[in-house]
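Biologist: I am new to this structure and would love a close look at one part of it. Could you start with a single charged side chain, tell me how open to the outside it is, and then lead me on from there?

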Amino acid sequence: MGLGGGGGGGLVMLFLCVLFLVEASASSRSLLPIIPFDEGYAPLFGDNNLVIHRDGKTVHLSLDERTGSGFVSHDLYLHGYFSASIKLPADYTAGVVVAFYMSNGDMFQNNHDEIDFEFLGNIRGKDWRIQTNVYGNGSTSIGREERYGLWFDPAEDFHQYSILWTDSQIIFYVDNVPIREIKRTESMGGDFPSKPMTLYATIWDASDWATNGGKYRVNYKYAPYVAEFSDLVLHGCAVDPIDHEAKCESAETNKAVPTGVTPAQRIKMDNFRKKHMTYSYCYDKVRYRIPPTECVINPQEAERLRKFDPVTFGGGRRHHGKRHYRSRGSQAEEASAF
C-alpha cells in the first residue's frame, strides 16, 4: 500500500513537472507579440485561395489549378525577429513550394536582398525538405542555399519557423532550435542583407525545379494544397517606406527575442546539421572550386556530405548533367537532392 502510494505521488510529481515545463514554454512564446492578421498583413495574391479564420490569427493559403496565394506584411523592417507556426500540405506534394521569407525586390529590383525559408514538396512516401537561402544587393549569382530533412512530419501538425536578422548575423530556427547561423563578414560586403525588407508567405507551383529537378510535377488531382499559418510574429524595427527611418521598439520588449546562439543551442544546432543537412553551398565542389570567403568549413560536415553525394561534395566525376533551377529568380535547386 505504501509502495503504491509512493509510486502514485511520484507520477503526480512527474506530471506536474512536465506541466510546468510546457506552461513555461508557452509563457515564453506568449511574450512575443502575436498580432491579428489584419493588423500586420495584407493579401498578396490568390483571391479566394487566402482564407482568414474566425480568430483572425490563422490563415490558410491554398494552391489549385487557378492560382497559388500569399500574404505580405504592411510594414518594411530593418532587422528583427519574424516567426510563424506552419502546417504543410500532406500526401503527394511534388512541385509545391511553400515559402516564408523576407525580400525588398519590389523596391530594389536590381540589387534586392532576401532571407528565405522554402519548403519543398515531394512524392508520396518521401518527406518535405527545407531550403534556406540568403543574399544581398542582388547577389543572385552566388547561391547560398542549404537544405535539410526534419525530425518530424511537418504536415501532421504546426511547427514554428523563425528568422532572427540583425546587422551582424542571421539565424534560422525550427521549433526554437537554431539550424543555421550566418555571421556577417567583411568579405561578404553588400552580399549580407542590409536594406529594409517586407515579410512574405506564399504557396505556388514550382514544378520546373522543386522536386528532383522538375522530374516530378504538381498533380492537381490532389488539389487544393493547403498550407496553414498561425502565431505570426513581426517583432522588429519598422521602417518608414518614404524616408526609410527605422522605428525600433524599446529594449525591454525585446527581451523575449533571442540575441544569438547559446552554448546549449549550439549543441542542438550541431546535432541537427549532422543528422539532417543534405546540401550546403559551402561544400559544393561542382559550383565552387574554392568555397565563398564567408564559409567556415566543418570537417565533420564535409565528410558526411561527401559520403552522401560524392559527386557534388567530393569533386568526383559527374556522369549525368545536372542543372540548377531558380525560384523567384533567386534560389537554385540541385537536381540530385531528392
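Modeller: Let's start at R287, which is partly exposed, with a relative accessibility of 21%. In these terms, buried means under 20% relative accessible area, exposed means over 50%, and partly exposed lies in between (1.4 Å probe, protein chains only). Please keep in mind that this is a predicted model, where local features need pLDDT of at least 70 and side-chain atom pairs count only at pLDDT 80 or more, while totals for chains, interfaces and linings use all residues. Residues are numbered from 1 along each chain as its sequence is written, and side-chain values use heavy atoms, with hydrogens and water left out.

The partner of R287 is E145, and the two form a salt bridge whose closest N and O atoms are 2.9 Å apart. This pair links distant parts of the chain: R287 belongs to the loop between β16 (277-280) and α4 (299-308), E145 to the loop between β8 and β9 (146-148), and 142 residues separate them. A salt bridge here is a side-chain nitrogen of Lys or Arg within 4 Å of a carboxyl oxygen of Asp or Glu. The element names come from DSSP runs, numbered from the N terminus: helices (H or I) have at least four residues and strands (E) at least two. While R287 is partly exposed at 21%, E145 is buried, with 0% relative accessibility.

The loop that holds R287 is also home to a disulfide, which joins C282 and C295 with their sulfur atoms 2.0 Å apart. Both cysteines sit in the loop between β16 and α4, 13 residues apart. The rule for a disulfide is a pair of cysteine sulfur atoms within 2.5 Å, and by this rule the count comes to 1. The torsion about the S-S bond of C282 and C295 is about -85°, so this disulfide is left-handed. C282 and C295 are both buried.

From that loop, let's move on to helix α4. There, E301 pairs with R273 in a salt bridge, and the closest N and O atoms are 2.8 Å apart. R273 lies in helix α3 (residues 263-276) and E301 in helix α4, so to speak two distant parts of the chain, 28 residues apart, are linked. Buried is the word for both R273 and E301. Shared partners extend the picture, as salt bridges join E146, R180, R273 and E301 into one network.

The structure holds 13 salt bridges. Another of them brings together the side chains of D91 and R124, at 2.7 Å from N to O. D91 is in the loop between β5 (76-87) and β6 (96-103), and R124 is in the loop between β7 (114-120) and β8 (129-135), so this pair ties together parts that are 33 residues apart in sequence. D91 has a relative accessible area of 43%, which makes this residue partly exposed.

Finally, let's return to the loop between β8 and β9, where E145 sits. N137 is found there too, and N137 has a positive phi of about 60° although this residue is not a glycine. With a relative accessible area of 40%, N137 is partly exposed. D175, another residue that is not a glycine, has a positive phi of about 50°, and its place is the loop between β11 (169-174) and β12 (177-183).
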